[in-house]
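The following exchange examines a single protein model through its geometry. Please consider each question with the coordinates at hand.

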Amino acid sequence: MARHALYYTLLETLAEPGCAICRMGEKAVIRFLENLVYEGANDAQFRAEALLSRGFCNLHGWQLRDCHGSGLDVAILSRDVVKAWLRRLESFAPEQAPTRAFSDLRAALGMANGNAGARALAEALAPERPCPACKARDTAEQAYIEELLDHCADPEISGGVIRAGGLCLTHFRKVMHTAATAEQAALIAQLQAEALAPLLQTLEDFICKHDYRFQAEMTATEGESWLKALALLSGQRGTR
Ligand SMILES: [Zn+2]
Ligand SMILES: [Zn+2]
């Protein structure tokens with residue numbers, strides 16, 4: 001995507017409430033999955049990747065299920081993994097149980113006493129790549145984090161960050177890891193503080209007004225403060 005396109009998409013996303021980087025990642029996943037269904041999963045390179053990742057993570061696997069017409073793609077990708085899994089099972093020969101004395105010796109040395117062959121099978125089946133949709137999300141998020149840092153002094157961007165309620169904890173930390181200059185880091189930290197301070201106040205009011213004597217005075221902003229806090233600490237719903 002061209003540089004200016006990233007900027008305008010970021011600006012648009014900052015007009016929505018909640019962490020903009022979560023939302024950008026979420027949109028990237030939707031595009032990725034829709035494109036997968038549109039193009040079909042029969043691409044050799046993609047199939048090889050999906051074999052190494054053992055398919056999709058729980059979140060994205062079920063999100064793919066909800067994409068209209070994804071059945072054939074799920075079947076093609078799953079067939080590869082199931083075939084490889086079955087091959088491992090057919091050649092699997094667990095180690096014979098060690099003698100009692102040998103088990104005692106291993107335990108005394110602080111070594112695991114499970115079956116080494118079974119552990120090797122478990123390890124061989126472990127994903128060797130991240131879920132392809134998680135990878136698409138992480139790549140998009142990083143591009144938008146860099147875009148945000150490049151333009152954080154732009155009043156439209158900085159104002160947008162505050163109005164959106166700041167970044168979630170995961171993405172604030174990623175931004176701090178990525179910030180190249182002291183100015184960028186200081187500015188993002190200041191924007192985040194400006195977003196957090198009013199939330200903290202509404203949380204205090206929400207908690208205080210749970211006292212039955214004040215219940216009628218709860219405002220809509222206070223009423224939803226706990227959900228904003230949840231999204232801030234755990235990320236936007238359904239994004240990871
Ligand atoms: Zn986020
Ligand atoms: Zn995933």
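A crossing is left-handed if the near helix is turned anticlockwise from the far one by less than a right angle, and right-handed if clockwise. Helices (H or I, at least four residues) and strands (E, at least two) are DSSP runs, numbered from the N terminus. This is a predicted model, in which local features need pLDDT of at least 70 and side-chain atom pairs count only at pLDDT 80 or more, whereas totals for chains, interfaces and linings use all residues. Residues are numbered from 1 along each chain as its sequence is written, and chains are lettered from A and ligands numbered from 1 in the order in which they are written.

Q: What is the handedness of the crossing of H9 and H11?
A: The axes of H9 and H11 are 8 Å apart and enclose an angle of about 30°; axes are lines fitted to C-alpha atoms, for helices over the stretch in contact, and angles run from 0 to 180 degrees between N-to-C directions. H9 contributes Ser158, Val161 and Ile162 to the contact, and H11 contributes Leu191, Glu194 and Ala195. The crossing of these helices, H9 and H11, is right-handed.

Q: Which element gives the largest share of the side of domain 1 that touches domain 2?
A: Domain 1 comprises 3–95 + 117–124 and domain 2 comprises 140–234, with bounds from an automatic or database domain assignment. Contact, defined as C-beta atoms, placed from the backbone, within 7 Å, links 16 residues of domain 1 with 18 residues of domain 2. On the domain 1 side, helix H1 (3–14) and helix H2 (20–39) are the elements that give two or more residues. The largest share, six residues, comes from H2.

Q: Where does the largest nonpolar core lie with respect to domain 1 and domain 2?
A: A nonpolar core is a set of buried Ala, Val, Leu, Ile, Met, Phe, Trp, Tyr and Cys residues joined through C-beta atoms within 7 Å; a residue is buried if 20 or more other C-beta atoms lie within 10 Å of its own, exposed if 12 or fewer, and partly exposed in between. The largest such core has 33 residues, of which Ile21, Ala133, Tyr144, Leu148 and Val175 touch the most other members. Its largest share, eight residues, comes from H2. Because domain 1 and domain 2 both give residues to this core, it lies between them.

Q: Is Thr139 buried or exposed?
A: Thr139 lies in helix H8. The C-alpha atoms of Thr139 and Gly25 are separated by 8.4 Å, although the two residues are 114 residues apart along the chain. Because Thr139 has 12 C-beta neighbours inside 10 Å, it counts as exposed.

Q: What is the phi of Arg54?
A: Arg54 lies in the loop between helix H3 (44–52) and helix H4 (58–65), and with 19 C-beta neighbours inside 10 Å it counts as partly exposed. Most residues other than glycine have a negative phi. Arg54 is not a glycine, yet its phi is positive, about 60°.

Q: How many residues of helix H6 are buried?
A: Gly110, whose phi is positive and near 75°, follows H6. Helix H6 covers residues 100–108 and is hardly covered; among its nine residues, the count of buried residues is zero.

Key:
Two residues are in contact if their C-beta atoms, placed from the backbone, lie within 7 Å.
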